[in-house]
Amino acid sequence: MILAVASGKGGTGKTTVAIGLARAAAAEGRTVLFLDCDVEAPNAALFLHPEWEEERRVGVLLPEVDPEKCTGCGRCAEVCAYSALAVVNGKVLLFDDLCHGCGSCMRQCPEKAITERLHTTGSLHAGRAGAILFARGVLDVGRAMAPPVIRELKRWKLGGAGGPGRLAVLDAPPGASCPVVETLRGADRVLLVTEPTPFGLHDLEQAIGLARDALGLPVDVVLNRADEGDDAVERFCEKEGIPVVLRIPFDRKIAEAYSEGIAPDHAVPEVGRAFRDLLLVLAGREGG
Ligand code: SF4
Ligand code: SF4
């Protein structure tokens with residue numbers, strides 16, 4: 001199973017849940033891959049302490065125009081869906097940070113004036129955290145394009161990782177924008193972590209709009225700090241027919257463990273048991 005753990009906003013406990021599930025599955029002897037796809041702030045390694053074994057640089061293929069061949073026809077700018085190209089006074093201008101490296105401009109240039117060059121934007125790292133295979137992407141400081149780094153991370157390590165008896169946990173970036181879409185694409189199901197507050201509900205609605213409504217993925221909800229706030233999230237989930245599969249009460253020991261880089265389920269055994277139970281629930285939903 002490929003399970004993406006996401007949240008509409010940061011600070012809900014998403015990474016705590018992702019780590020807890022990975023550790024619970026590994027403790028049961030399952031083959032577990034953990035992918036930290038939050039490439040702008042990858043912090044799961046602070047809790048899982050992997051020993052790094054591999055590293056590689058990644059980026060996007062940017063178009064490069066040969067001015068000797070270019071006639072300034074403007075076809076490349078017309079076909080660019082991301083407005084990354086403009087033709088001004090017969091010269092092609094490229095806005096690097098908008099380019100997705102899709103190659104359309106190169107294929108459509110009637111003069112064959114465009115080639116591609118690799119523009120590195122981040123790095124990938126992989127290793128082992130005990131029995132867990134761990135990999136993460138890291139976007140270079142000052143770069144704006146997280147999706148290509150996430151795409152390369154998944155391409156590098158995800159193949160076959162969600163097969164029978166295996167669990168791949170994808171720790172998604174917070175929010176509901178392009179990096180989250182890139183992370184969720186291809187997942188078998190999505191676990192949305194939220195908290196019982198008006199902000200939690202608002203951001204959960206956006207995340208459901210993306211995961212369930214736009215991408216068509218099965219969705220479950222984890223309610224963190226479930227004994228605080230109000231019951232609006234519970235009522236919303238009931239109305240929408242979305243199962244709340246785990247409720248984690250506020251526990252000062254969990255917050256302290258998090259601040260010290262200790263996996264919360266390690267510090268609070270009941271949390272570990274709750275994650276093992278959650279794995280059974282999710283396996284039941286997948287039919288195996
Ligand atoms: S499509 Fe080719 S020839 Fe036309 S402006 Fe772009 S690079 Fe130049
Ligand atoms: S590679 Fe794609 S995104 Fe980049 S400039 Fe060309 S058409 Fe636009």
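Aspartate 38 counts as buried in this predicted model, because its relative accessibility is 11% and the cut-off for a buried residue is under 20%. This aspartate belongs to the loop that runs between strand 2 and helix 2, the latter covering residues 45-48. Its sequence separation from leucine 139 is 101 residues, yet the C-alpha atoms of aspartate 38 and leucine 139 are 9.1 Å apart in space.

From this one residue the view can be widened to the whole protein. The chain carries 11 helices and 11 strands, and its C-alpha trace spans about 70 × 45 × 35 Å along the principal axes. Of the 288 residues in the protein, 49% are buried, aspartate 38 being one of the residues that count as such.

Strand 2, which precedes the loop of aspartate 38, leads to the second largest pocket, since this strand, residues 31-36, is among the elements that each supply at least two residues of the lining there. The others are strand 3 (51-65), strand 6 (114-129), strand 7 (132-139) and strand 8 (166-171), and the largest share, three residues, comes from strand 2. The pocket holds about 160 Å³ of space and is lined by 14 residues, with Val32, Leu33, Leu133, Phe134 and Lys157 lying nearest its centre. By class, that lining consists of seven nonpolar, three polar and four charged residues.

The largest pocket, with a volume of about 400 Å³, draws on helices instead: helix 1 (14-27), helix 9 (252-259) and helix 11 (269-286) are the elements that give two or more residues to its lining. In total 26 residues line this pocket, and those nearest its centre are Gly11, Thr12, Gly13, Thr16 and Tyr258. The lining divides into 12 nonpolar, nine polar and five charged residues.

Which element gives the most to the lining of the largest pocket? Helix 1 does, with four residues, and this helix deserves a description of its own. Its 14 residues reach 20 Å from the first C-alpha to the last, close to the 20 Å expected at 1.5 Å a residue. Helix 1 is also mostly covered, with 12 of its 14 residues buried. The buried set begins with Lys14, Thr15, Thr16, Val17 and Ala18, continues through Ile19, Gly20, Leu21 and Ala22, and ends with Ala24, Ala25 and Ala26. Thr16 thus appears both among the buried residues of helix 1 and among the residues nearest the centre of the largest pocket. After the helix comes glycine 29, whose phi is positive, near 90°.

Besides the pockets, the structure holds three cavities of 30 Å³ or more. The largest cavity contains about 100 Å³ of space, and of the 17 residues that line it, Pro63, Cys99, Cys102, Gly103 and Cys105 lie nearest its centre. Strand 3 and helix 4, the latter formed by residues 104-108, are the elements that give two or more residues to this lining. Strand 3 therefore contributes both here and to the second largest pocket, where membership in a strand is assigned from DSSP runs. By class, the lining of the largest cavity has 12 nonpolar, four polar and one charged residues.The space of this largest cavity is taken by ligand 2. Around ligand 2 there are 13 residues, the closest being Cys80, Cys99, Cys102, Gly103 and Cys105. The shell around this ligand has nine nonpolar, four polar and no charged residues.

The second largest cavity has a volume of about 90 Å³. Its lining is made of 14 residues, of which Cys70, Cys73, Cys76, Val92 and Cys109 are closest to its centre, and by class this lining comprises nine nonpolar, three polar and two charged residues. Which ligand sits in the second largest cavity? That place belongs to ligand 1, which is surrounded by 13 residues, with Cys70, Cys73, Gly74, Cys76 and Cys109 the closest. The shell around ligand 1 divides into eight nonpolar, three polar and two charged residues.

Key. Residues are numbered from 1 along each chain as its sequence is written. Chains are lettered from A and ligands numbered from 1 in the order in which they are written. This is a predicted model: local features need pLDDT of at least 70, side-chain atom pairs count only at pLDDT 80 or more; totals for chains, interfaces and linings use all residues. Side-chain values use heavy atoms; hydrogens and water are left out. On a 1 Å grid over the protein atoms alone, a cavity is a set of points where a 1.4 Å probe fits but cannot get out, and a pocket is an open set with protein on both sides within 12 Å along at least five of seven lines; lining residues have an atom within 4 Å of a point. Grid points are joined across faces, edges and corners, and a volume is the space filled by probe spheres set on the points. Ala, Val, Leu, Ile, Met, Phe, Trp, Tyr, Cys and Pro count as nonpolar, Asp, Glu, Lys and Arg as charged, and the others, Gly among them, as polar. The expected span of a helix is 1.5 Å times one less than its number of residues. Buried means under 20% relative accessible area, exposed over 50%, partly exposed in between (1.4 Å probe, protein chains only). A residue is near a molecule or strand if one of its heavy atoms lies within 4 Å of it. A molecule sits in a cavity or pocket if more than half of its atoms lie within 2 Å of its grid points.
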